[in-house]
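Okay, thanks everyone, I'll keep this short. Have a look at the structure on the screen and then I'll walk you through it.

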Amino acid sequence: VVANVIGSLNPRFSIYGDTVNTASRMESNSLPGRIHCSKATAALLARQAPDMPILKRGVIPVKGKGEMETCWVNEGGASTW
């Protein structure tokens, strides 16, 4: 991730990079009121918060990355991770 202030008359803070683009794509592929995460993040959550319910969502197309396996977090019920 790269951050920068753009402009001098009306400065704006912007961030760029693969992480920002991936987060934006996941947000646009999510559903209202749900927490959407990547398979890698789900694996970290499963280790750090084993009681947190994680449900596999499946594979979604992510522009610029191809297909990505994703999960829903805190969906209630038993974890499918």
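I'll go through the sheet, then one residue inside it, then the hairpin at the start of the chain.

Before anything else, keep in mind that this is a predicted model.

So, the sheet. Three strands make it up, it's an open one, and the order across is β3-β5-β4, with antiparallel pairing. Why do β3 and β4 each have one side without a neighbour in the sheet? Because β3, residues 35-38, and β4, residues 54-62, stand at the edges, and each has a single partner strand. If you look at how the strands lie, neighbours in this sheet are turned against each other by 35 degrees on average, ignoring direction. There's also a helix on it: α2, residues 39-48, packs on the sheet and touches β3, β4 and β5. The direction of α2 makes about 100 degrees with that of β3.

Let's zoom in on one pairing. β3 and β5, the latter being residues 66-73, run antiparallel and are joined by 4 bridges. Within that pair, Ile 35 sits opposite Val 73 of β5.

Now for a residue in β5, namely Thr 70. Is Thr 70 buried or exposed? Buried: its relative accessible area is 0%. What does Thr 70 touch, leaving aside residues up to four places away in sequence? The list includes His 36, Cys 37 and Ser 38, and also Lys 56, Arg 57, Gly 58 and Ile 60. Met 26 and Lys 39 are on that list too.

Over in β4 we have Ile 54, and with 1% relative accessibility Ile 54 counts as buried as well. Use Ile 54 to jump to the start of the chain: its C-alpha is 30 Å from that of Val 2, and the two are 52 residues apart along the chain.

That brings me to the hairpin. β1 pairs with β2, residues 12-16, in the antiparallel sense, over 5 bridges. Ile 6 stands opposite Arg 12 in β2. Between the two strands there are 5 residues, and in this hairpin Gly 7 has a positive phi, near 95 degrees.

Last stop is Val 5, in strand β1, which covers residues 2-6. Val 5 has 52% relative accessibility, so Val 5 counts as exposed, the cut-off being over 50%. And Val 5 has company: together with Val 1, Phe 13 and Ile 15, Val 5 forms a nonpolar patch on the surface, with about 440 Å² of accessible area between them.

That's it from me.

Key: Residues numbered from 1 in each chain as written. Predicted model: local features only at pLDDT ≥ 70, side-chain atom pairs only at ≥ 80, totals over all residues. Heavy atoms only, no water. Pairing = 2+ DSSP bridges. Axes fitted to C-alpha atoms, helices over the stretch in contact; angles between N-to-C directions. Contact = heavy atoms within 4.5 Å. Buried < 20%, exposed > 50% of the residue type's maximum accessible area, 1.4 Å probe, protein only. Patch = residues over 30% accessible without salt bridge, like charges linked within 9 Å, V, L, I, M, F, W, Y side chains within 5 Å. Areas by Shrake-Rupley, 256 points an atom, 1.4 Å probe, with all protein chains shown as cover. Salt bridge = Lys/Arg side-chain N within 4 Å of Asp/Glu carboxyl O.
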